[in-house]
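Open the model in your viewer and keep the selection panel at hand. This tour says what to select next and what is there.

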Amino acid sequence: MPKLGAAVGFLMARSSRELDRLVTAVKIRWRSRPNAWAAQANKIFIAGCARSGTTLTQRVMKSFEDTFVWPPEARHTKFYLLDRRENNLVVKRDSRAFVHLAKLPAGIGLVYCVRHPLDVLTSVHPQTMGERRFHTTADRWVLEYDALLSLRKAQPARDILYVRYEDTIADPDAVQLRIADRFGLRPRVPVTADGQGPIHARSLRKWERNEDYRAYLQGQLSQAVLGPMQAFCREFGYDMPAWTGATG
């Protein structure tokens, strides 16, 4: 009997999860109708590799009027589950967004955050400090870049707003104005006066000053990583030091 009870409990829990998924799918389909409120709202998706400034860009987005920023990470379908009356909705990608990025609906605006790859690969995160030294592995960085290339191949007409982490650190108010101009937003307050404290530049180019970081990076930069990384750096205006083995 205990086994039977456990089996019944398992089936009921599974049925409940499947029902929840079905209800969510129906709600997304209903709210994505052309005349639905969620479909008409100005939707802005923040994407980019982890440790590239997506959280900092969330902070910038909170400085606009008539704008709701969903705090946790989520898939783009979250736009159609928000019961908000603000005209501008912002969602930051979740950890698996790169898998679906090429299918991002054309009606959703995209802010894509970029950062020097060597900084990305030597950045820590509280959630993973107990698992590995740095948050983003080289293989994961390549997957993220591949996802961006796939998006551009699938949607060549898409207008992507690229935001460099280094630019946001240097002049967040200027980046705020760029985003405002691109998406028709109105700043409520300058980012530097939003009351959330100063934005520091201590995380920039630590590998230039830390030999241990350089040794770690040299062990990560295989040719399979270095090739895409060089292409990325050429496109977004980053330099690759000679000790990485980069050419051209």
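Two strands pair if DSSP finds at least two bridges between them. Helices (H or I, at least four residues) and strands (E, at least two) are DSSP runs, numbered from the N terminus. This is a predicted model, where local features need pLDDT of at least 70 and side-chain atom pairs count only at pLDDT 80 or more, while totals for chains, interfaces and linings use all residues. Residues are numbered from 1 along each chain as its sequence is written, and side-chain values use heavy atoms, with hydrogens and water left out.

**Whole chain**

Show the protein chain as a cartoon. It has 10 helices and five strands. Of its 248 residues, 44% are buried. Here buried means under 20% relative accessible area, exposed over 50%, and partly exposed in between (1.4 Å probe, protein chains only).

**The strands**

Select residues 42-47, strand β1. Five of these six residues are buried, so β1 is largely enclosed by the rest of the structure.

Add β3, residues 88-93. β1 and β3 pair in the parallel sense, over five bridges. Find N42: N88 in β3 stands opposite.

Now add β4, residues 109-114. Four bridges join β4 to β1, and the two run parallel. Look for A47, which stands opposite Y112 in β4.

Move on to β5, residues 160-164. Five bridges join β5 to β4, again in parallel. The bridge partner of L110 is I160 in β5. Is β5 mostly covered or uncovered? Four of its five residues are buried, so to speak of β5 as mostly covered is fair.

**V69**

Select V69 in strand β2, residues 67-74. V69 is buried, with a relative accessible area of 9%. Which residues does V69 touch, leaving out those up to four places away in sequence? They are Q58, M61, K62 and V90. Touching is a contact, meaning heavy atoms within 4.5 Å. Measure to I44 as well: V69 and I44 are 25 residues apart in sequence and 9.3 Å apart in space, C-alpha to C-alpha.

**The cores**

A nonpolar core is a set of buried Ala, Val, Leu, Ile, Met, Phe, Trp, Tyr and Cys residues joined through side-chain atoms within 4.5 Å. Select F45, Y112, W141, M229 and F232. Of the 44 residues in the largest core, these touch the most other members. Helix α6, residues 138-154, gives the largest share of this core, with seven residues. Zoom in on M229. Beyond four places in sequence, M229 touches P117, L118, L121, W141, L221 and M240.

Another core of 17 residues lies apart from the largest one; M61, V175, I179 and A180 are among its members.

**The cavities**

On a 1 Å grid over the protein atoms alone, a cavity is a set of points where a 1.4 Å probe fits but cannot get out, and lining residues have an atom within 4 Å of a point. Grid points are joined across faces, edges and corners, and a volume is the space filled by probe spheres set on the points. How many cavities of 30 Å³ or more does a search of the whole structure find? There are three.

The largest holds about 70 Å³. Its lining includes C49, Y112, R115, E144 and F232. α6 gives the most to this lining, with four residues.

Finish at the second largest cavity, of about 60 Å³. Select F45, R75, H76, D94, A97, H100, L101 and L104, which line it.

How values were computed
On a 1 Å grid over the protein atoms alone, a cavity is a set of points where a 1.4 Å probe fits but cannot get out, and a pocket is an open set with protein on both sides within 12 Å along at least five of seven lines; lining residues have an atom within 4 Å of a point.
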